[in-house]
Amino acid sequence: MNERQAPQVERRPYQKYAVDVAASTIDGQGVFAAEAIPERVKIGEIRGEALSVEQARIRATRHERIMIVELSPRRAIDFTLSTDPMRYTNHSCRPNARLVLDNGRVEFFSLRAIAPGEEITVDYGETHHGGTLPCRCGAPGCRGAL
């Protein structure tokens with residue numbers, strides 16, 4: 001374990017690969033592979049509070065940092081209080097994983113092999129920021145905003 005990383009996080013049955021939560025050069029905390037992750041496998045998922053999209057958008061205006069995923073035009077999940085480590089997955093314009101919405105679950109799958117110590121990232125896609133939040137991923141070809 002390098003000096004930047006915290007101790008390994010408790011692993012739940014739906015967390016298929018071990019990960020650590022630690023300071024990220026992208027933003028705040030990030031989630032890092034604690035073991036080699038092969039390409040095209042489920043890494044894990046996050047669970048949170050189900051609510052309406054209307055409630056989620058109200059919450060988004062009241063908090064500086066939110067972790068909400070809209071599952072449909074009517075349903076969302078708020079992960080702000082979740083203890084699942086994948087909630088710390090940061091955005092990258094060149095991600096090594098993807099977020100999949102499956103039957104009300106938010107799952108993460110590797111796009112390529114991920115080395116131990118490497119930060120796991122996804123492309124957030126369209127966000128409530130509407131292109132006004134500067135992107136800090138630093139990836140080649142970064143689009144510059146979320």
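**View 1. The largest nonpolar core of this predicted model has 18 residues**. If you are looking for the residues with the most contacts inside this core, find Ile37, Ile43, Met86, Phe108 and Ile120. Three elements, strand E2 (29-33), strand E3 (42-46) and strand E9 (105-110), each give two or more residues to the core. Both domain 1 (12-47 + 86-124) and domain 2 (48-81) supply residues, so the core lies between them.

**View 2. Here we zoom in on Ile43 and its contacts**. Which residues touch Ile43, once its neighbours within four places in sequence are left aside? From the earlier part of the chain come Gln15, Lys16, Tyr17, Val19 and Ile37. The list continues with Met86, Ala97, Phe108, Phe109, Ser110, Ile114 and Ile120. Among these partners, Ile37, Met86, Phe108 and Ile120 also belong with Ile43 to the residues that have the most contacts inside the core.

**View 3. Three strands form an open sheet in the order E4-E6-E5**. The pairing is antiparallel, and the twist from one strand to the next averages 30°. Strand E4 (49-52) and strand E5 (68-70) are the edge strands; each has a single partner strand, so one side of each has no neighbour in the sheet.

**View 4. A closer look at the pairing of E5 with E6, and at the helix on the sheet**. Three bridges join E5 and strand E6 (residues 75-78) in the antiparallel sense. To pick out one of them, start at Glu70, whose bridge partner in E6 is Ala76. Helix H1 (residues 53-62) packs on this sheet and touches E4, E5 and E6. The direction of H1 makes about 100° with that of E4.

Note on methods:
Residues are numbered from 1 along each chain as its sequence is written. This is a predicted model: local features need pLDDT of at least 70, side-chain atom pairs count only at pLDDT 80 or more; totals for chains, interfaces and linings use all residues. Side-chain values use heavy atoms; hydrogens and water are left out. Two strands pair if DSSP finds at least two bridges between them. Helices (H or I, at least four residues) and strands (E, at least two) are DSSP runs, numbered from the N terminus. Axes are lines fitted to C-alpha atoms, for helices over the stretch in contact, and angles run from 0 to 180 degrees between N-to-C directions. Contact means heavy atoms within 4.5 Å. A nonpolar core is a set of buried Ala, Val, Leu, Ile, Met, Phe, Trp, Tyr and Cys residues joined through side-chain atoms within 4.5 Å. Buried means under 20% relative accessible area, exposed over 50%, partly exposed in between (1.4 Å probe, protein chains only). Domain bounds come from an automatic or database domain assignment.
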